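Reader: I would like a close look at one part of this assembly, namely the place where the two protein chains meet. Please set that contact in its surroundings as you go.

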2 protein chains.
Amino acid sequence: MDNGVADLERDRSRLGRSSTAERVADILRDRISEGFFEPGQRLSEESISEALGVSRNTLREAFRLLSHERLLYHRLNRGVFVRILSAEDVADLYRVRRVIEGAAVRRTPTPKALRLIKEAVADAERAAASDDWRAVGTANIRFHQALVTLNQSPRLDEAMGQLLAELRLVFHVMKNPRAFHEPFVERNRRLLELLEAGRPDEAAAFLDAYLDHAERLLVDAYEPAYELNSSTPTPTGPVHGRNR
Amino acid sequence: MDNGVADLERDRSRLGRSSTAERVADILRDRISEGFFEPGQRLSEESISEALGVSRNTLREAFRLLSHERLLYHRLNRGVFVRILSAEDVADLYRVRRVIEGAAVRRTPTPKALRLIKEAVADAERAAASDDWRAVGTANIRFHQALVTLNQSPRLDEAMGQLLAELRLVFHVMKNPRAFHEPFVERNRRLLELLEAGRPDEAAAFLDAYLDHAERLLVDAYEPAYELNSSTPTPTGPVHGRNR
DNA sequence: ACGTAAGGATCGTTGAACAATTCGACAAGG
DNA sequence: CCTTGTCGAATTGTTCAACGATCCTTACGT
């Protein structure tokens, strides 16, 4: 019992700014994306509200925030659980990436966006040189986030951020971060060069292959892990769909 | 074995429904998109919770749902307001539409998606023949929703649904629904023909012009109305962005 | 005219309470 | 042995009342 909930007490110090529910959501979001809470795990209202020193009502608001970000899913009268992504979910996330990032690389780059992309590429290369593969992963994510800014659309930026947060749920299954991140450092550089050279079609084709490869790496490492960990009774992944 | 029990799985989605907060959100969503609540109007927690006979806490949960759908926006300590879309918001919504719908029409249509699209076109033509321009608008929206299903991505479907709900906020400024909807009935048919003929590039170009036109119609009718109605002190549209 | 202070309205959050629902255990029945 | 019915503990869903915090307005003073 008490799945590391006691550790949450350390995060109590982070309470004290803006809206309590949002701050609680921030804490839980960090905990989820760092893998502290495992996918499928149920988050008890009582124990967590007690550990963080907030009321159940406030915690429920935080849960609702994270449910909308698809990091948690909610089963009526049963509570909230850390989202489990099915292989189909991963495939869908990459479908969306191909649409949004594909549209991005076809645009003529703005100086500001280009600068963001360059920084992300440089950061990834720097982290790779010092064998910090966790930092490489972070920089790679920033790279794609920067790519999307080429669309010049705040809504697409936000959608991409949410999508990447979802993907982080499954990045944890990669036991070897180097094998997963290393191949893409060089490709990021190459994609940047294609953008700067003003060759959008080649950039788009390159990106498609890039995403195909990343998706395959992920699914290959993911499927077996999903079969083994059958702690949750629902073989069909949790559906988060809203009505209407 | 298994006397048709497997078929029941399809009905599982109907179990996880309901919840007072969601039902309240449904009611408010309808009221907002039908224009009963005007953009910029503040929704009082006390009066609405009293009118609907639910507690403030439950109503706040419903508010949170609608805020995430961008139909309401939330100002700390000041309450929730019906979203006001700025001209920049409208432009952004159309940017997203060009990306998502543009990707859709470039795909090879599936029979199911094609059927949905055909039905929407036929419905729009039927409604136009009987001068029911409100119904034409509804059918047109269904048309675009159906277009997006070509992407075969649940997440893009949901994003499109949310986007169209946002757009409905501004459709109300069109005092002449016929002028706004009529031109597109014929174009929907034309776009469908291009899809069936397997000419994705022409379909994409046609869609771009289509969306350009719709956006211009909307912004032209919208800007003046926005200037006049300066009841809210924020000239820059309400920002809904979340931190992180 | 301008800044400031008091007041009122409303939101933010809490804690407690009770109803509703789920789930496991155990007994009864075939 | 398997299925079904029932009970009870545990947890969530929802409500209510209360109080502090924050914002807006108004009135005041300089």
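Author: What follows begins with the contact between the chains and then moves to the DNA-facing surface and the build of one chain.

The model is a predicted one, and the contact in it draws 25 residues from chain B and 27 residues from chain A. On the side of chain B that touches chain A, at least two residues each are supplied by α3 (56-68), α4 (87-105) and α7 (154-171) of chain B, and the largest share, six residues, comes from α4(B). Sorted by class, that side of chain B holds eight nonpolar, nine polar and eight charged residues.

The relation between the two copies bears on this contact. Chain B can be superposed on chain A by a rotation of 180° with 0.1 Å of shift along its axis, at an RMSD of 0.1 Å, and the two copies are therefore related as by a two-fold rotation axis. The same surface serves both copies, in that 88% of the contact residues of chain B recur in chain A.

Helix α3 of chain B, which gives at least two residues to the contact with chain A, also gives two or more residues to the surface near DNA strand D, as do α1 (20-33) of chain B and α2 (45-52) of chain A. There are 17 residues around DNA strand D, and those that come nearest are E45(A) and G79(A) from chain A, with T20(B), N57(B) and T58(B) from chain B. By class, the surface near DNA strand D is made up of three nonpolar, 10 polar and four charged residues.

One of the nearest residues, G79(A), leads to a hairpin in chain A, where strand β2 (residues 72-75) and strand β3 (residues 79-82) pair in the antiparallel sense over four bridges. Within this pairing, Y73(A) stands opposite F81(A) in β3(A), while among the three residues between the strands of the hairpin, N77(A) takes a positive phi near 65°.

As for the chain that carries this hairpin, chain A has nine helices and three strands, which follow one another along the sequence in the pattern α-β-α-α-β-β-α-α-α-α-α-α. Of its 244 residues, 37% count as buried in chain A, and, among the contacts in chain A with a separation of 6 or more, 73% are accounted for by residues 24 or more positions apart.

Note on methods
Residues numbered from 1 in each chain as written. Chains lettered and ligands numbered in written order. Predicted model: local features only at pLDDT ≥ 70, side-chain atom pairs only at ≥ 80, totals over all residues. Contact = placed C-beta atoms within 7 Å. Nonpolar A, V, L, I, M, F, W, Y, C, P; charged D, E, K, R; others polar. Near = placed C-beta within 6 Å. Buried ≥ 20, exposed ≤ 12 C-beta atoms within 10 Å, placed from the backbone. Pairing = 2+ DSSP bridges. Least-squares fit on C-alpha atoms with pLDDT ≥ 70 in both.
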